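User: Could you walk me through this structure, starting with the ligand and then moving on to the backbone?

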Amino acid sequence: MPGTSKNLGGVALVGSGSATPNQRLTNDQLSLRVDTNDAWIRSRTGIGARRVIGSDETLVELSQRAGSLAIQRAGWDPTSVDLVLLATSTPDDLFGSAPKVQALLGAKQAVAFDLTAACSGFLFALVTASQFLRTGAMRRALVIGADQLSRWVDWDDRRSCVLFGDGAGAIALESTSLVQNGLLDFQLKTDGSRGDCLNLPQLNATSPLVAGATYQQGGFSPIQMNGQEVYKFAVREVPAILETLLKANQVDPESLDWLLLHQANQRILDAVADRFEVSYQKVLSNLADYGNTSAATIPLMLDEAVQDGRVQPGHLIASSGFGAGLSWGAALFRWQGAT
Ligand code: COA
């Protein structure tokens, strides 16, 4: 899907928030469960620890905490929000968790729904929400990326369980004039024919219903991943889509303030930086603390960098998300913050 049409209104990114579970699980702790060790995980992935939702927390609560902070920092009243879009593959409720988040936020006027695109979910949701704002159909949108993959990893599979963690991040988006537009362009891609290397499939459990009829009991198997195939996909497609986006907008990689990539593996971040000859200092990374939080990684990272002052109003950011589907995308935006 190509990027923004130039004859609509603009979108500004005006607030951010994030929330992570209380439980922190280090690599050393994980090595008590599976045959792994801190040195292997750090050298192959850059991950040092991850957060895991315990029995006293839910995805809805994390999403609400992240969303409330974003609304507050944007300077909004919750009742002025028109849309709550929750990007998640791991809702508390398969019918959707966004409505419960909307209620807890007090965003009474907002329509709320979930969007599923795995680790590309936040980027896909950002672009989706921005369409309502650019056409003028809506004025304010809250885009949340949140996941709890800890519920769906096989904690005895060392090839995948070391990678993932739980978290939530949120961005407040506002319609603006085209002159003030902050979401400069985007590209979104899907290739379902290559999707088998990363799945969270339904259980295959057939039971008799009545004579001559069967049904499948609902439920899901743990994550199934071919790590090497996913790695190759990421290091091929992420630079390619970013290059297309930057060229289309005549943006020299040197003029970027930040590269904000889906946090899956430090080696993938470094490979993309090398490809564009962007200094590692300009590549935002919090993998060491959180691992791969799926749809949450980009807003969680952005919020951290906004709060500690690395990302400043006016900064130009190239972002890319990728994951199951297979799906991937990129967006070029300027952070605005509350004015
Ligand atoms: N601890 C210790 N050893 C491990 C291990 C672990 N957690 N996981 C795998 N190993 C072992 C393997 O068994 C293998 O041993 P062997 O050579 O004796 O068979 C060895 O380490 C190398 O395994 P390999 O799978 O080749 O490692 P890798 O360098 O490809 O790294 C990943 C594995 C998963 C870190 C890497 O492929 C990756 O990051 N892929 C992308 C995954 C991803 O990001 N998924 C989400 C996308 S949104």
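Analyst: What follows takes the ligand site and then two spots in the backbone, and please keep in mind that this is a predicted model.

User: Sure. Which residues come nearest to the ligand?
Analyst: There are 22 residues around the ligand, and those that come nearest are Thr36, Arg44, Arg158, Gln228 and Asn265.

User: How far is the ligand's nitrogen atom from the side chain of Thr36?
Analyst: A ligand nitrogen lies 2.7 Å from an N or O atom in the Thr36 side chain. On the oxygen side, a ligand oxygen atom is 2.7 Å from an N or O atom in the side chain of Asn265, and for the side chain of Trp40 the corresponding distance from a ligand oxygen is 3.3 Å.

User: And how much of the ligand's accessible area does the protein cover?
Analyst: On its own the ligand has 970 Å² of accessible area, of which the protein covers 74%. The ligand sits in the largest pocket.

User: Which elements give two or more residues to that shell?
Analyst: Those elements are helix 2 (38–45), helix 6 (158–161), helix 7 (227–248) and strand 14 (316–323), and helix 7 gives the most, with 4 residues. Domain 1 (8–180) and domain 2 (183–194 + 222–334) each supply at least three residues to the shell.

User: What's the make-up by class?
Analyst: The shell around the ligand has 9 nonpolar, 8 polar and 5 charged residues.

User: Switching to the backbone, where is the cis peptide bond?
Analyst: The cis bond joins Gly325 and Leu326, with omega at about -5°, and Leu326 lies in the loop between strand 14 and strand 15 (327–334).

User: What about phi of Gln250?
Analyst: Phi of Gln250 is near 50°, a positive value in a residue other than glycine, and Gln250 is placed in the loop between helix 7 and strand 13 (258–261).

User: Why flag those two spots?
Analyst: They are worth pointing out because most residues other than glycine have a negative phi and most peptide bonds are trans.

Terms used:
Residues are numbered from 1 along each chain as its sequence is written. This is a predicted model: local features need pLDDT of at least 70, side-chain atom pairs count only at pLDDT 80 or more; totals for chains, interfaces and linings use all residues. Side-chain values use heavy atoms; hydrogens and water are left out. A residue is near a molecule or strand if one of its heavy atoms lies within 4 Å of it. A polar contact is a pair of N or O atoms within 3.5 Å; within protein, one must be able to donate a hydrogen and the other to accept it, and residues adjacent in sequence count only if both atoms are side-chain atoms. Accessible areas come from the Shrake-Rupley method with a 1.4 Å probe; for residues, only the protein chains shown count as cover. On a 1 Å grid over the protein atoms alone, a cavity is a set of points where a 1.4 Å probe fits but cannot get out, and a pocket is an open set with protein on both sides within 12 Å along at least five of seven lines; lining residues have an atom within 4 Å of a point. A molecule sits in a cavity or pocket if more than half of its atoms lie within 2 Å of its grid points. Ala, Val, Leu, Ile, Met, Phe, Trp, Tyr, Cys and Pro count as nonpolar, Asp, Glu, Lys and Arg as charged, and the others, Gly among them, as polar. Domain bounds come from an automatic or database domain assignment.
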